Amino acid sequence: MDEHVIDLTVISAVVFDTDGVVTDTARGHAAAWKHVFDAFLRGRSEPFDIRDDYLRHVDGRPRLDGIRTFLAARGITVPEGSPADEPGAPTVHGLGLAKDRSFLEQAGKYGVAAFPPTVALLHELRRRGARTAAGSASLHGRRLVTSAGVMHLFDLMVDGNDAALMNLPGTPDPALFLEAARRLDLPAAGIAVVASALPAVEAGRRGGFGTVVAVGAKAGAKAGDAAGGLVVVGDLSELGVRGRVLPLRG
């Protein structure tokens, strides 16, 4: 698709991945990953690249999956450990706990902001009758969206806690977004997914969603070989809305 538009004559709802799309938290996540991985990698491997390693291996994935994926790319294996591990212990859970602590410290210190173009788009979609949902692999997704002051702009949210309770696989598997579709009681073909993380964009494609919006140059470049239904924008100020969702008649 060449037009940067969501067509509400065929799309009835939009599911937004949160990090880097709704909340300006991607930089905080990347910084927390670098802090934790660099301490662990010292004497083992090169430092964590805050852009390439983050986008390639951890962005958009559940926290423990990101650790496994990144360490595998470096040829490093560590024990799984358990949630009872000390933060920073050389285990998958220990590194995950350290990352979680580092990120929450940053979020507590600097706060969480919503992207103004996303807020404007959410208002416009709802004004035109579209339903909206938020999706996040993060266990703190609901807390962060609430802190950003935009939870009221979503009909529902599926976050990492829901995924854990339902044993949903992480992206690029579309399970989390499909759960949002189920709760919206709409077929995936009538829903758009908006995402910036590469695994989340791929999840939208795999899930059979009617439109997938890839936000950012990196996501667009990687997803550019997709078939119809893909919209690529630099940011959501470039995305328009056409038509409106007609109310169901009883």
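1. A good place to start is D7, which counts as buried because its relative accessibility is 17%, under the 20% cut-off for that label. Please keep in mind as you read that this is a predicted model.

2. D7 belongs to strand β1, which covers residues 5-7. The side chain of D7 makes a polar contact of 3.4 Å with the side chain of R242. R206 makes a useful second marker: 199 residues separate D7 from R206 in sequence, and their C-alpha atoms are 20 Å apart in space.

3. Now step back to the whole chain. The chain holds ten helices and eight strands. Along the principal axes, its C-alpha atoms fill a box of roughly 60 × 35 × 30 Å. The radius of gyration is 18 Å, which agrees with the value near 18 Å that a compact globule of 250 residues would have.

4. How much of the chain is buried? Of the 250 residues, 50% count as buried. The exposed area comes to about 11,600 Å², and carbon and sulfur atoms supply 53% of that area.

5. Contacts across the sequence deserve a look too. Taking contacts between residues at least 6 apart in sequence, 61% join residues that are at least 24 apart.

6. On charge, the chain carries 28 positive and 29 negative side chains. The centres of these two sets lie 2 Å apart.

7. Helix α8 is a nice element to explore next. Seven of its ten residues are buried, so α8 is largely enclosed by the rest of the structure. The buried residues are A175, L176, F177, E179, A180, A181 and L184.

8. What covers the buried residues of α8? The cover includes the strands β2 (13-17), β3 (131-135), β4 (156-158) and β5 (191-195), together with the helices α7 (160-166) and α9 (198-206). If you are following the chain on screen, α8 is followed by D185, where phi is positive, near 60°.

9. Within α8 (residues 175-184), have a look at E179. Is E179 buried or exposed? With a relative accessible area of 6%, E179 is buried. The side chain of E179 joins that of R183 through a polar contact of 2.8 Å. Leaving aside neighbours within four places in sequence, E179 is in contact with V158, M166 and L168.

10. To close, here are the two acidic residues side by side: D7 is buried at 17% relative accessibility, and E179 is buried at 6%. D7 has a polar contact with R242, while E179 has one with R183.

Terms used:
Residues are numbered from 1 along each chain as its sequence is written. This is a predicted model: local features need pLDDT of at least 70, side-chain atom pairs count only at pLDDT 80 or more; totals for chains, interfaces and linings use all residues. Side-chain values use heavy atoms; hydrogens and water are left out. Helices (H or I, at least four residues) and strands (E, at least two) are DSSP runs, numbered from the N terminus. The radius of gyration is taken over C-alpha atoms; the globule rule is 2.2 Å times the number of residues to the power 0.38. Buried means under 20% relative accessible area, exposed over 50%, partly exposed in between (1.4 Å probe, protein chains only). Contact means heavy atoms within 4.5 Å. Accessible areas come from the Shrake-Rupley method with a 1.4 Å probe; for residues, only the protein chains shown count as cover. Lys and Arg count as positive and Asp and Glu as negative; His and the chain ends are not counted. The place of a charge is taken as NZ of Lys, CZ of Arg, CG of Asp or CD of Glu. A polar contact is a pair of N or O atoms within 3.5 Å; within protein, one must be able to donate a hydrogen and the other to accept it, and residues adjacent in sequence count only if both atoms are side-chain atoms.
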